[in-house]
Amino acid sequence: SHDPLVVFTPSGKRGRFPRGTPILTAARQLGVDLDSVCGGRGICSKCQITPAYGEFSKHGVTVAPDALSDWNAVEERYDSKRGLKKGRRLGCQATVQGDVVIDVPPESQVHRQVVRKEASARTLIMDPATHFYLVDVAEPDMHEPTGDLERLSRALREQWGIEEITADLPILARLQPLLRKGKWQVTVALHRDHRGGPAKLLELWPGFSEERLFGLAIDLGSTTIAAHLCDLRNGEVKASAGVMNPQIRFGEDLMSRVSYAMMNPGGDKEMTAAVRDAINDLTASISAEAGIEPRQILEAVFVCNPVMHHLLLGFDPVELGQAPFALVTSSSLSLDGRDLGLTAMNDTAQVYILPCIAGHVGADAAAVALAEQPGQSEDLVLIVDVGTNAEIQLGNTTRVLACSSPTGPAFEGAQISAGQRAAPGAIDRIEIDPVTKEPRFRVIGGDLWSDEDGFDAAIATTGITGICGSGIIEAVAEMRMAGLLDPSGLIGSAEQTGTPRCVPEGRTHSYLIHDASAEGGPRIAVTQGDIRAIQLAKSALYAGARLLMDEMGVDKVDRVVLAGAFGAHISPKHAMVLGMIPDAPLDKVTSAGNAAGTGARIALSSISARAEIERMVREIVKVETAIEPRFQEHFVSANAIPHATAPFPELKS
Ligand code: FES
């Protein structure tokens, strides 16, 4: 006499429903995540479910084979035209006839979990901003003089319960022909903002459309621009590409770009135009690579440091060049792509820019926080994104602190005598034998060590051109461990060190790694000046981390995460020997890869993640290194290698 019991897996949600209730209706009433684009018309097949038969002691249900209705004509037609997988039913057509357990497969869930390859801390649950709806619109009528948009609006309200929509000029210009082409049935793409407000009409297609929609997650760095093209339905990366930031011609580092804007009237506009052009070129090439049309790109998410943020948006960055480093706005931004001149995607594409944490700690750091979730960590975690400005976060479930530290470009190979970017030909790994003091090294491109068979052949095309950031870090740390450097960072002479590789250079010494100068090639040595540059950079990095630890009232951290493309290449052991990062068990120092890029993808795939990062950023405590006298103290005492004041017990083990 009871109504039948319906149990959904994997959610476990359950309820009793009268015989004849469609499964989609039961799912809706229980809040079960079951997708639908056609609203139960038997067209889209997004509502597919798998009924389970047998006994389910966990759920206290026995399911008879006739617990669901037989196939109806709509289901038969769908199966004969498109084919339903064995065991699958259309949830909008099958109705409840008896107690039943219904499994919702991942493809039928809007909020499905995405399995990712990256080492990042969090799982990603899809919650896309843009959704499809199939809708039947009333034809215009002489007796009811309303516009096509108003009738589309009314249909969405009646058929989907969507209260209000807005539509901008570009889509309004396409509305009439498309409605008529679809004979008043269209599929629309609507974009919801996580802050609420009306949904925005982005695109429409005649009849039922299964167009795949894409979004771009863009990590706009001062040196490179990296983009992932992602499927907006399941978060999959379709293609990835990167280009150099063309603003380099206005200045290598951020501060020189800020001064370019200060010295040259209209210079900020020039830089804005250059970066937008590069993003358009990148969008076009990544679409071509993936074989998609520009109009299929409906969203973009940007993460960037504060200076790039302002230059992308067309704001003069001059205030970011001087204390107190005021941003135009630190809030997240939701914009129309066309307002940013993004012409290589759909003309209605929506852009989301993550919030900045502070004038020195940008949306890129916010993206790292979104990917790594320091505020969810039981352990006290230190996250270091190494760049020209290191962005540092320290936190656990009690609170999260953030600062930036002016490390300068030495870690990127700049200001180093034989330094270069990490590119083919650069030495990126190095070991020095503690007895013979002889080096062996690896060169990007060949990926073989210098004493391995085939090394010369492997580097025949690239040659050995210089040493990159991770290479110089390893070189300095190895020199210290081999006794070529004293704790103050002074390189010993040939007599003191016992190796002819320590050669005089003016009043100091250099350690010779590779010398092809006799054949007109480069001479790659670590000079005393290089050691000093690295000491300044690592002291700044360490002092920033220490300042956050002081603020937190701790003298050790549980784990360290190295973020950023560069962080991924740093060897934890060498970073610790150098004293770049505070002492921690070596196995607790991990790399998160490009965590900012991962954060951008998360925000692209999920509007609840956008709300989450906005909440997190409000709660992060900003620590300003520039005005903090203890920063100077830590900076000075961190100069030694590892250094003189703080204990490094883990290094001994
Ligand atoms: Fe579209 Fe069932 S909801 S086929």
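## The E18/E19 pairing

Asp-336 has Gln-350 of E19 as its bridge partner. The two strands involved, E18 and E19 (residues 350–353), run antiparallel to each other and share four bridges. Strands here are DSSP runs of E with at least two residues, helices are runs of H or I with at least four, and both are numbered from the N terminus. Two strands count as paired if DSSP finds at least two bridges between them.

A heads-up before going on: this is a predicted model, where local features need pLDDT of at least 70, side-chain atom pairs count only at pLDDT 80 or more, and totals for chains, interfaces and linings use all residues. Residue numbers start from 1 along each chain as its sequence is written.

## The six-stranded sheet

E18 and E19 belong to an open sheet of six strands, ordered E16-E15-E14-E17-E19-E18, with mixed pairing. At the edges sit E16 (237–244) and E18 (333–336), each pairing on one side only. Ignoring direction, neighbouring strands in this sheet are turned by 20° against each other on average.

Two helices lie across it. H8 (residues 363–372) crosses E17 and E19, at about 105° to E17. H6 (residues 267–290) crosses E14 (214–220), E15 (224–231), E16 and E17 (297–304), and runs at about 145° to E16. For these angles, axes are lines fitted to C-alpha atoms, for helices over the stretch in contact, and the angle between N-to-C directions goes from 0 to 180 degrees.

## A closer look at H6

H6 has 24 residues and spans 35 Å from its first C-alpha to its last, close to the expected 34 Å. That expectation is 1.5 Å times one less than the number of residues.

Which elements do the buried residues of H6 pack against? They pack against E14, E15, E16, E17, helix H5 (254–263) and helix H7 (306–313). The buried set includes Gly-267, Met-271, Val-275, Ile-279, Leu-282 and Ile-286, and also Asp-268 and Ser-287. "Buried" means 20 or more other C-beta atoms within 10 Å of the residue's own (12 or fewer is exposed, in between is partly exposed), with C-beta atoms placed from the backbone. Just past the helix, Gly-291 takes a positive phi of about 70°.

## Domains

The domain assignment splits the chain into domain 1 (5–108), domain 2 (114–206), domain 3 (214–353), domain 4 (364–409 + 533–652) and domain 5 (418–523). Those bounds come from an automatic or database assignment.

Taken over C-alpha atoms, the centres of domains 1 and 2 are 26 Å apart. Six residues of domain 1 are in contact with six of domain 2. On the domain 1 side, the touching residues are four nonpolar, one polar and one charged. Nonpolar covers Ala, Val, Leu, Ile, Met, Phe, Trp, Tyr, Cys and Pro; charged covers Asp, Glu, Lys and Arg; the others, Gly among them, are polar. Contact means C-beta atoms, placed from the backbone, within 7 Å.

## Two more strand sets

Another open sheet has five strands in the order E2-E1-E7-E3-E6, again with mixed pairing. E2 (14–16) and E6 (89–90) each have a single partner strand, so one side of each lacks a neighbour in the sheet. E1 (residues 5–9) pairs antiparallel with E2 over three bridges, and Val-7 has Arg-14 as its bridge partner.

Further along, E26 (residues 502–505) and E27 (residues 508–515) pair antiparallel over four bridges, with Cys-502 partnered to Tyr-511. Their hairpin has two residues between the strands, and Gly-506 there takes a positive phi near 65°. E27 also pairs antiparallel with E28 (residues 523–526), over four bridges, and His-514 stands opposite Ile-524.
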